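Please look at the sequence and the structure below, and then read the briefing that follows, which goes from the ligand to a helix and then to a loop.

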Amino acid sequence: MRILMVCLGNICRSPLAEGILRQKAAVAGFQCTLDSAGTNGYHTGEAPHHLSQKVARLHQVDISSQKARDFTKEDLENFDLIYAMAGDVMKDIQQMAGPSEHLDKVTLFLDELNPGMHQDVPDPWYGDEDGYHEVFDLISNTCDQIIKKYNIHQTQAIQ
Ligand code: 4NP
């Protein structure tokens with residue numbers, strides 16, 4: 001399964017989601033290809049925000065080698081599952097995609113934790129370190145649900 005995490009800048013939330021899910025997938029034996037991207041292009045080529053890196057490191061998750069990249073239309077073809085970190089990101093993706101058969105691959109990330117609630121992962125960019133800790137915990141809990149949901153499917157598919 002190919003999974004893409006998308007936020008605005010690809011420096012705060014989606015790098016955490018990519019790194020956390022990668023680590024949990026390795027532990028769970030969940031085979032997936034992971035990447036992340038951003039819709040606003042302001043930080044293309046940059047490493048994740050230093051506070052995202054710091055908070056991840058405190059949980060033994062290393063995201064330091066990631067580089068921000070732009071979300072593209074081709075991502076809709078190249079991934080099986082695309083998680084938007086927030087509603088504005090979802091709208092950006094829909095706008096970029098136009099009419100596309102692939103739009104049903106796009107899901108609000110927190111709907112995996114709280115189905116049907118359509119909640120955003122808060123953007124920590126404008127706040128202090130506390131916000132990054134909150135976002136880490138939220139993303140980590142959601143990744144646990146994703147692993148549970150798809151790892152079960154994968155096991156069933158093998159049997
Ligand atoms: P992210 O946070 O979408 O979680 O990476 C942001 C980072 C930068 C900006 C907005 C959100 N910005 O406008 O520069």
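A polar contact is a pair of N or O atoms within 3.5 Å; within protein, one of the two must be able to donate a hydrogen and the other to accept it, and residues adjacent in sequence count only if both atoms are side-chain atoms. This is a predicted model, in which local features need pLDDT of at least 70 and side-chain atom pairs count only at pLDDT 80 or more, whereas totals for chains, interfaces and linings use all residues. Residues are numbered from 1 along each chain as its sequence is written, and side-chain values use heavy atoms, with hydrogens and water left out.

**The ligand and its surroundings**

- Among the residues that surround the ligand (a residue is near a molecule if one of its heavy atoms lies within 4 Å of it) are Cys7, Cys12, Tyr42, Asp123 and Trp125.
- An oxygen atom of the ligand lies 3.3 Å from a backbone N or O atom of Asn10, and an oxygen atom of the ligand is 2.7 Å from an N or O atom in the side chain of Arg13.
- His43 has a polar side-chain atom 2.8 Å from an oxygen atom of the ligand.
- Of the 360 Å² of accessible area that the ligand has on its own, the protein covers 93% (areas come from the Shrake-Rupley method with a 1.4 Å probe, and for residues only the protein chains shown count as cover).

**Asn10 and helix α1**

- Asn10 is placed in the loop between β1 (2-7) and α1 (helices, H or I, are DSSP runs of at least four residues and strands, E, of at least two, numbered from the N terminus).
- Although Asn10 is a residue other than glycine, its phi is positive, near 55°.
- Asn10 has a relative accessible area of 2%, so the residue counts as buried (under 20%, while exposed is over 50% and partly exposed is in between, with a 1.4 Å probe and protein chains only).
- The 16 residues of helix α1 (residues 13-28) should span 22 Å (the expected span is 1.5 Å times one less than the number of residues), which agrees with end C-alpha atoms that are 22 Å apart.
- The buried residues of α1 include Arg13, Leu16, Ile20 and Ala25, and α1 is followed by Gly29, whose phi is positive, near 70°.

**The loop between β4 and α5**

- His118 lies in the loop between β4 (106-108) and α5 (129-158), and its phi is near 50°, a positive value in a residue other than glycine.
- Because its relative accessibility is 55%, His118 counts as exposed.
- Pro115 also lies in the loop between β4 and α5, and Pro115 is exposed, with a relative accessible area of 64%.
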